[in-house]
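Biologist: I would like to learn how to read a model feature by feature, with the general idea placed before the particular case. Could we begin with the surface and work inwards?

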Amino acid sequence: MFGLEALDLARIQFAFTISFHILFPAITIGLASYLAVLEGLWLKTHNDTYRDLYHFWSKIFAVNFGMGVVSGLVMAYQFGTNWSRFSDFAGSVTGPLLTYEVLTAFFLEAGFLGVMLFGWNKVGRGLHFFATVMVAIGTLISTFWILASNSWMQTPQGFEIVNGQVIPTDWLAVIFNPSFPYRLMHMATAAFVATAFFVGSSAAWHLLRGRDNPAIRKMLSMAMWMALIVAPIQAVIGDFHGLNTLEHQPAKIAAIEGHWENKGNEATPLILFGWPDMKEEKTRFAVEIPYLGSLILTHSLDKQVPALKEFPPEDRPNSTIVFWSFRIMVGLGMLMIFTGLWSLWLRKRDTLYSSRPFLYLALWMGPSGLIALLAGWFTTEIGRQPWVVYGLMRTADASSNHSFMQMSITLILFVVVYFALFGAGLGYMMRLVRKGPKIDEGKETNDGGPGRKRTPARPFSAADGDHIDADHSLTKEI
């Protein structure tokens with residue numbers, strides 16, 4: 001079917017499941033830190049707007065966190081079901097790294113998540129804030145270990161191969177492999193940027209519908225400050241990441257640039273747009289800017305960038321895909337920087353909350369961070385091909401021995417179940433977003449204490465806002 005083989009379906013299945021999964025951890029990372037900031041500001045300033053926002057976003061965080069955990073379990077199982085040869089070859093590295101993630105990050109998050117979500121009036125303010133901070137730190141620790149594992153697959157070191165299996169010899173070298181620092185910073189920053197535009201888009205939606213209150217304004221203001229500061233930082237991190245990739249994975253850079261061959265001693269041009277043709281070994285309809293490729297990728301005007309024809313055809317990534325996925329990521333990044341700068345200009349003119357053209361831009365930029373994140377992951381993972389562990393194991397040698405029919409059935413099942421399950425979850429999350437923060441929704445009716453009633457926050461409470469008994473709320477709303 002469509003010229004695909006079982007290996008292609010296994011890759012599509014993994015790409016499909018990880019594309020769903022990565023969206024949830026990204027928002028989880030950003031929202032966890034956002035909630036910690038909101039609660040910290042409330043404790044410091046006693047401004048109830050921060051408290052109201054905390055209760056509003058904690059509900060969305062809870063739904064998102066749950067979907068992230070469920071989709072993450074599927075990812076782990078796929079290593080054993082569809083990529084058993086990879087697990088046999090490199091499991092002594094990837095297995096312990098994922099175990100460290102569970103033992104440190106997941107246990108930390110799980111240990112304090114209940115206090116964070118349900119303990120608002122059950123524990124003291126200081127302890128509750130501590131729980132929120134611990135959950136936020138847990139999400140970042142999780143990012144650390146996941147990126148350590150994935151980065152090792154991109155730039156492996158600290159090992160030896162014995163009897164066809166990878167044996168770690170230096171765990172510090174394994175963890176802090178050459179691409180790890182850049183990929184960790186790039187991913188964490190991408191999560192913060194994606195969350196900022198998600199929050200900003202939510203605020204813009206309410207403002208465009210005439211719902212203007214201090215909580216909505218604070219949402220937009222904080223989101224745009226984050227976009228203004230972090231989006232340019234992400235561009236700088238991306239530049240350093242690109243230089244690192246050029247050093248360790250030059251074929252990936254050549255594919256991203258659609259650059260096929262160097263001419264004499266000429267500097268490498270930057271191809272803005274075009275259509276890389278893998279069969280003809282050229283980029284059709286190329287729009288080039290002379291010297292700019294060398295300037296961006298080598299920070300000089302005379303050095304050349306490695307070309308795809310310098311690598312055997314079987315070792316070349318699919319330039320057609322990564323050429324455009326990279327440009328989608330960069331293009332959206334530039335729009336994010338523009339949005340942040342525009343917000344600063346409007347803020348100085350005191351029209352940030354009333355400029356409808358800007359609010360519409362902020363609204364439509366809501367999914368931009370997540371789309372850019374997906375495009376970046378496609379660039380990274382497809383650009384690593386044909387290797388599953390760069391330079392050591394080819395993807396074709398890593399898959400399990402499944403038939404085309406088996407992979408077809410499981411892929412169809414994944415598509416149906418994922419769209420039904422996570423579609424419902426995303427729909428509920430958007431329903432909560434549309435309701436918006438309620439003023440005084442987190443108001444404490446009592447201060448707890450021995451023998452006094454305590455009412456926990458209900459992250460899965462219905463979006464209709466009915467005042468019902470906490471013991472029956474979830475049942476009613478489901």
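Modeller: Let us begin with F285, bearing in mind that this is a predicted model. F285 counts as exposed, because its relative accessibility is 68% and the cut-off for exposed is over 50%. This residue is found in strand β4, and its phi is positive, about 55°, although it is not a glycine.

Biologist: Which other residue, not a glycine, has a positive phi near 55°, and where does it lie?

Modeller: E281 has a phi near 55°, again a positive value in a residue other than glycine, and it lies in the loop between β3 and β4, the latter spanning 282–289. With a relative accessible area of 25%, E281 is partly exposed, because that class covers values between 20% and 50%.

Biologist: How should I read a pair of strands, and in which sense do β1 and β2 pair?

Modeller: In a regular strand the side chains alternate between the two faces of the sheet. Here strand β1 (residues 159–162) and strand β2 (residues 165–168) pair in the antiparallel sense over four bridges, and I161 stands opposite V166 in β2. The hairpin they form has two residues between the strands, and N163 takes a positive phi near 55° in it.

Biologist: What does one look for in a helix such as α6, and how many of its residues are buried?

Modeller: One may compare its span with the expected one and then ask how much of it is covered. α6 has 29 residues and reaches 42 Å from its first C-alpha to its last, close to the 42 Å expected at 1.5 Å a residue. Of those 29 residues 24 are buried, so α6 is largely enclosed by the rest of the structure. The helix is followed by G210, whose phi is positive, near 85°.

Biologist: Is Y34 buried or exposed, and which residues does it touch?

Modeller: Y34, placed in helix α1 (residues 6–45), is buried, because its relative accessible area is 11% and buried means under 20%. Leaving aside residues up to four places away in sequence, Y34 touches L53, W57, V199, M219 and M222. The last of these is 188 residues from Y34 along the chain, yet their C-alpha atoms are separated by 9.5 Å.

Biologist: And what can be said about R384 and the chain that comes after it?

Modeller: R384 lies in helix α12 (residues 368–384) and, at 5% relative accessibility, counts as buried. Its contacts, not counting residues up to four places away in sequence, are N150, M153, Q154, Q249, K252 and Y390. A cis peptide bond, with omega about 10°, joins Q385 and P386, and P386 has its place in the loop between α12 and β5 (387–389).

Biologist: How is empty space found, and which residues are closest to the centre of the second largest pocket?

Modeller: Rolling a probe the size of a water molecule over the atoms shows where empty space is left. In the second largest pocket that space is about 1,300 Å³; 46 residues line this pocket, and the closest to its centre are H186, G238, F326, M329 and V330. Among the elements that each supply at least two lining residues are α4 (125–154), α6 (180–208), α7 (214–248) and α12, while α10 gives the most, with ten residues. By class, the lining has 26 nonpolar, 15 polar and five charged residues.

Methods. Residues are numbered from 1 along each chain as its sequence is written. This is a predicted model: local features need pLDDT of at least 70, side-chain atom pairs count only at pLDDT 80 or more; totals for chains, interfaces and linings use all residues. Side-chain values use heavy atoms; hydrogens and water are left out. Buried means under 20% relative accessible area, exposed over 50%, partly exposed in between (1.4 Å probe, protein chains only). Contact means heavy atoms within 4.5 Å. Two strands pair if DSSP finds at least two bridges between them. On a 1 Å grid over the protein atoms alone, a cavity is a set of points where a 1.4 Å probe fits but cannot get out, and a pocket is an open set with protein on both sides within 12 Å along at least five of seven lines; lining residues have an atom within 4 Å of a point. Grid points are joined across faces, edges and corners, and a volume is the space filled by probe spheres set on the points. Ala, Val, Leu, Ile, Met, Phe, Trp, Tyr, Cys and Pro count as nonpolar, Asp, Glu, Lys and Arg as charged, and the others, Gly among them, as polar. The expected span of a helix is 1.5 Å times one less than its number of residues.
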